[in-house]
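Student: Please take a close look at the aromatic pairs in this model.

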Amino acid sequence: MQGEDHVRGVRPEVVVSWHRCREQYRVDPHLTEAPLAAEHRDHTLEQLVILTELGGLAGAMAREVEGRNGIVTVTDATGRILATWGDAATVARAADANLATWSCWSEAGAGTNGMGTALETHGPVLIRGAEHWCQAFHSWACAGIAVRDVVTREPIAVLNVSCWRTPLPDATDRWLSHAVTQTQTTLKGRARDSAAELIAAFAQAKGRATDAVAAVDAAGNVVIADERASPLMGVPAEVPAVEPAIRWHTSLPDLIRVAKYASARAARNSEWVGSTQIFTHLADEPVSVTIRPVFFSGQLAGHLMFLGASGDAQPLPTLAPTLPPNTPMRRVVALREDRMVLLRPREVSFAESDGNDVWLFTEQGRLRSATPGLDKLTNELADAGFLRVHRRYVVNLSRVREIERGFKGELSLVMDSQENDVVPVSRRNTPAVRDALGL
């Protein structure tokens, strides 16, 4: 509240939430009640099924916490409470802080709390007493967990237990984990059925198409690709991936952005078809792509992508920086003895300067960069997701796995590498790192 960045004795996940409340959402810590939800949100049939299932589980949990000044709530993906269970006295006390139906408990609305913080993170969240951002909520202890779509990983709902001036039951974590496991079973079954529908649509389209064809889910993961699409997308040919946890990940980040954009458009208009151009690693020229949504039982299952065709589909806006027509795809050049090693940017975890030499930490080990000087390398990779975090270090932001905080508030980045390399962040660069990582 006073503007200090270093907080001792507080769990890191709580401190990160406080930073969001202070710097991103600007929540008033003197707020005495949560705001009402801004507007009604329509839910898909799949979301309604999950919300109904959670309601049954919440009712059973409420009987366990009634004698502990406890309530159980279910919220949707915006943090809007849809229903509350518990004894009448505790429900009435909770209503004094708008801990009631149709109020909004997202972090942006009510600061750090079990429901809102669960929407921002993965896994169960425990917020006790003064860990709440708003002082008026310090008498509560709450634990929440978000149910997330197994394909897009976007939140669908949150199940939350709150107790007033009473510790949460020891079994709370077990209750929440069981609820998520049960609902995830429903979601996984739906995802498998959607994948089967995509594969059937792919088989029909492949017989008629003159261009490369692939089927992707709503998040851009590849379910199946034909022999012409597979080398462009960097996935095996004609190998279906039905299970949501083991689908193929394309090597084309632009294609993922296109799929996510198309999913948002198709959710509003089932007749929508779009087209755009993307660069692949096999050619200097962009490839035309047409996207056709596929629906299963009235819900979006994914998309058919025709690479090399545009037709009369609606053009998509520019979703990513495009390369000039005659500019080859970017490579990071490294030196190994008398050989040059050509690396894609994603293969580089970070770079460290040693005088005028620059060392690249890559999936092929530590290599010397062919580009002299860290300043020049930083400029070359600035639009590829790299950021200068220290006078000696540049990191690939997509390869940051964890963030460590030191005794004096300094940050260190734990990289996604086999050695779990740690890169220091200078105090001068800390604000830029926080902003880039969404902290």
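Tutor: What follows goes through the aromatic pairs and where their rings sit. The model is predicted, so local features need pLDDT of at least 70 and side-chain atom pairs count only at pLDDT 80 or more, while totals for chains, interfaces and linings use all residues. Residues are numbered from 1 along each chain as its sequence is written, and side-chain values use heavy atoms, with hydrogens and water left out.

The structure holds 3 aromatic pairs; rings of Phe, Tyr and Trp (its six-membered ring) pair if their centres lie within 6.5 Å, and planes under 30 degrees apart count as stacked, over 60 as edge-to-face and the rest as tilted. One of them joins Trp-105 and Phe-137, with ring centres 4.9 Å apart and planes at 50°, so this pair is tilted. Trp-105 lies in the loop between helix H3 (88-95) and helix H4 (107-110), and Phe-137 in the loop between strand S3 (125-128) and strand S4 (140-148), so the pair ties together parts that are 32 residues apart in sequence. Helices (H or I, at least four residues) and strands (E, at least two) are DSSP runs, numbered from the N terminus. Trp-105 is buried at 4% relative accessibility, and Phe-137 is buried at 1%; buried means under 20% relative accessible area, exposed over 50%, partly exposed in between (1.4 Å probe, protein chains only).

Phe-350 and Phe-361 form a stacked pair, 4.3 Å centre to centre with 10° between the planes. Phe-350 belongs to strand S14 (residues 348-354) and Phe-361 to strand S15 (residues 357-362), 11 residues apart. Phe-350 is buried at 3%, as is Phe-361 at 18%. Ring pairs also bring in Tyr-393, which forms a cluster with Phe-350 and Phe-361.
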